[in-house]
Structures are given as C-alpha cells and as structure tokens.
Amino acid sequence: MGAARATLIAAVLASLACKHHGGATSTTTLVVRVTDRGKPVAARVLLFDARGVPVRIGSLDLYGNRQAQTACAIAPGVLGTWDGILLAYGVAEIPVGADTCSPSPAIAYGRYTVWAWRGIEYERWQGEVDLSADRGRVELAIPLERAWTPHGTLAADLHVHAHASNDSTVPNPQRVIAQVAEGVQIIGLSDHNANGDLDAEIRELHLDETVASIASNELTSEALHLGVYPVPFDRGAPRGGGPPAEQIVRASPEEMFAIAHAFPGHPIVQVNHPRFRVYALFDTRRWDGVAWPPPFPLAFDAVEVLAGYAAFNAPGDRRIDDAVRDFYTFIDHGHLIAPLGNSDVHNLNWVHDALARTHAFVDESRTNPFDEDGFVAAIRARRVVATTGPWLDVEVASKQGAVPTVGPGQSIVPVGGKVWLDVTMKQARWVHVDRIRITVGAPDGPKLAHTIDVPRGARSQRWAGAIEVGDRDTWIGVTADGDTPLPLELTGTYQRDKWQRPGVTPFAIASPILVDADGDGRWKRGDADVSLR
C-alpha cells in the first residue's frame, strides 16, 4: 500500500473513531495478512482470550444492545467492532496494549485464539497468537480456504442500513468495510425513506475493484417495507431526493406500490421481510401463503425469501419454510418474481452484514466498471441463488446428456414429459445441510418430488436424475436446508438475544426453472402467458 493511499485511508477512518487516550505506548504490534490463494482479501478476525471470551471493541451504544457508532478505527483499513476486527484490505498492523479506542486498550496484552473468515464461501480459519507485552512485531499469516466458488455471479446484499436510518446510524464508510469483510460485491444501501448509495465512500476507501453500490431506498410504512433500486440519488437534497416520509409512513400497500413505481427508470420493486410479523406485507394482510389471489397488489419484481431477521427454521416456527411456501405459490400461479436473500443489517453485532445474500448470474462480474444495467436485468430475469450458507449448482437438460443445459431462472423444453436435473450442494464445514428438496408445479399446486438426505459432515452432495414434468407448462424448484443453527459468532446474536431462538439456520434456494412442456416458446401457467424467447 503506498504512503499517500495509507494516509488517505487513515484520515477517512480516523474521522469515524474513538477519542484519543494519551500516555501508554504499544510494545507489541499484530501484523496480520489474510489471503485467498496468496492474494490479500478483506476479512473478519475474532480474538478469544484465555477464558474463551471474545474480545469486544467499543460499546453497545444503540438501544442498550446494539453497536452503531462506537466501533474503533484501530489502524488504516482496520475497524474494531463488538463482533471482531474487520480488515478492509486483508493486511494490517494493529497496536496491542495501547491505542486510541474507547475503552482502551481494544486488545490487551496476552495470548489469544484466533478465528478468521470471509463470509459463507470460506472455511473458518483457526489458530493461536501470542500478543504479550514487548514482543515487537508479531506476524500472523491467515490463508483462507474456499468452501465453494460460484462462477459468473455477483454476490449482493440488497437491503443494507447505515447512517441515514435512525435505527442504524452506522457511519457509511464503516458499513462498506463490514460488507467487504463478508465478501459482498454489490451493496444496496436501503435507508428508511431516503435515496442513497455508497459510491463516494467506496472511492474514498479505494475499494472500487472489490465492491460497488446500487442506489436504493427502503420505502417504510407501518404496513410494509419495499426496497426500490436503482433510484436517482442527489447527495445535496433532503432524503437524497426521495419522496417525503410523511407521504409514506401511513400509506396503504396499494399506495406504497404506486409510490415505488413512480420512481423514474422502471426500478426493481422488492418486498422486504414479508414474514417478519411487523412491517410485513404478508402478515399484516393476514395472507395464509396459499389462497389466491392474495389480499395485496402483485406489483413487485422480487421478494425476500431469506430475510436477515427472519432467516430461521425452529420448532413450531419454520419461518423460512413459510417464506418458500409463499414464493412457490406466486410461481405456481404465474407471478414470476425473484427469490432474494438480504441481511437487512442495521448495526454491527445483532445481524451481521450479508447474513443472507443473493448471487446474481451476470455477463460481467467485475465491480469496476459495474454493469448496473446488466445486474438489474439479472434480478428482473430471476437469474439468482439466495443463501445463508450453502451453495446450489442447478442444471437442467431436456434429457440425460443433452446440451445445452439451463440454470436458475431459465427455461427448458422436456423430452417425453421428463427433464434431467443435476444438482450439487456445497458448504463450508461450519454449515450443516440435512437435505435437498426438489419441488415441481403439479396440476394441483406445488408438489415435493424428491428429498435427498445429506450425510452429516459432507462438504458436497450431488444428485442427478429424471424429473417427471407432465404435459403442461410447469416449473422446478430446488432448495437445500439444515436444522443445525449457524455459529452465532459468524451470524450475529439477534435470534438468541431478542427471541431466545437457537440462531440462523442454513438455507439456499435457486430460482425455479420454467418448463415449456409443449415447446411453443411461451410459458402458460396460472395468470401467466409469457414469451421465453
């Protein structure tokens, strides 16, 4: 890193941080380098003291249980938080025993167990480090191991809160760092009733080659929340140029959809956390997830099937399964929408950034330049896989051995009333999927066609076989899920702290593949009659 760049980044981060504490001077420096195949990458590092207690940096300044503005810029590109140290660039020199944080020191002298990871695509690294006093420069090399690698996708979190949301207030540069530490490539800044993006902060942090943002607004009423993107963003205008909040807060669902579609440029309209119980469209309108038509407008392009605060299946409350049931009902009746995963992150500890995320299949997977039009087109075309942990590779052919194959959101013409489905599930060792489910649109509604059990400890599971699809246009959906909660250290503690639930559970859903049974180039099911060409 050049001196000028380091100076700039230090200035940016110093503006976020902590009061200066004079006096003591650090006699030990942790020199850490996190890599993927030899290249430094952003990551999260968590230290545990000799008692096994995580090192907490800063304080819980929001509502008494959430961290918003007390994270500490320990060093250039290094953010100390309640739930670990975030490395924007993968390399850092971190003072031990004395620093500018409050309380200080952020890291006391001593010996530590170290965890490091970079979102759900990576294994968790574990090691030990001696940071006792007077040790000088202590080098720690952390080579991360990939658990799975998606090809031709951009990893996105399209529901993200920061400074302009009154229930967040996290400084925008800190939000960028938290997102890149989890491997996110596209950030949808979704502050309440405010247009915004993170382009300026990304440039100031010199992270253009790592991440891009898309301007968004979470329209927030008492009845529901809608994500809208891309939207025009005027940094100097009230609410970033968004509509006045007083027009939105008490708006009905019908009025909310009208406001969303009034934005210029035909943006994506996304229903956020519809099963959150409050501010949740499906719950507030008392929809059972099956009755048709539902008691609200069908004026949206995408829905959060995996929503950060409701991303769990627990005994007596299988919230993700309910969301999947809802989604398959839409598809079965011809309302073609994209199934998304987003974190709805507000702070730095309760729900971690990109706890749930969406992988969009795109032609151009660079972030600089970012092909925003291509990305939006992929969401609109339902070319997505959403996940809280596992990866699903789904391919369908007209028959065994036939080419080309198609993937999530695409369409296929069967042969003899059957198609050939090939599914591979991959996961990190800390993710435990129990089953893969294959669902088909039957004449009387969605039907579970196959359940494939995943052996305990398996890092991958493949299944291939013929799927009966009949002689009417239909669809095939694939999910993977497990009942063992993900580690709280890697997801945040909201489910435990707020509701005494075990935690977030692993789940992945691939956008359904449409089956053009008669090969006429149109998909006709329920209310739909759409061209597939």
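Let's start with a pairing. Strand 16 runs parallel to strand 17, residues 302-307, and 2 bridges join the two. In that pairing, V271 has V303 of strand 17 as its bridge partner. One caution before I go on: this is a predicted model.

Now the other neighbour of strand 16. That is strand 15, residues 225-229, and here the sense is antiparallel, with 4 bridges. Look at V228: the residue opposite, in strand 16, is V269.

So what about the faces of strand 16, buried or exposed? Strand 16 spans residues 268-271, and both of its faces are covered. I268 and Q270 sit on one side, and both are buried. V269 and V271 sit on the other side, and they are buried too. The general background is simple. Side chains in a regular strand alternate between the two faces of the sheet.

Next topic: cysteines. How many disulfides are there? The count is 1. The partners are C72 and C101, with 2.0 Å between their sulfur atoms. This link connects distant parts of the chain, with the two cysteines 29 residues apart. C72 belongs to strand 4, residues 72-75. C101 lies in a loop, between strand 7 (91-96) and strand 8 (110-117). The link is left-handed, at -85 degrees about the S-S bond.

Are these cysteines buried or exposed? Take C72. Its relative accessible area is 1%, so C72 is buried, the cut-off being under 20%. C101 also comes out at 1% relative accessibility, and therefore counts as buried.

To recap: strand 16 has bridges to strand 15 and to strand 17, and C72 is bonded to C101 in a disulfide.

Definitions and conventions: Residues numbered from 1 in each chain as written. Predicted model: local features only at pLDDT ≥ 70, side-chain atom pairs only at ≥ 80, totals over all residues. Heavy atoms only, no water. Buried < 20%, exposed > 50% of the residue type's maximum accessible area, 1.4 Å probe, protein only. Pairing = 2+ DSSP bridges. Disulfide = S-S within 2.5 Å.
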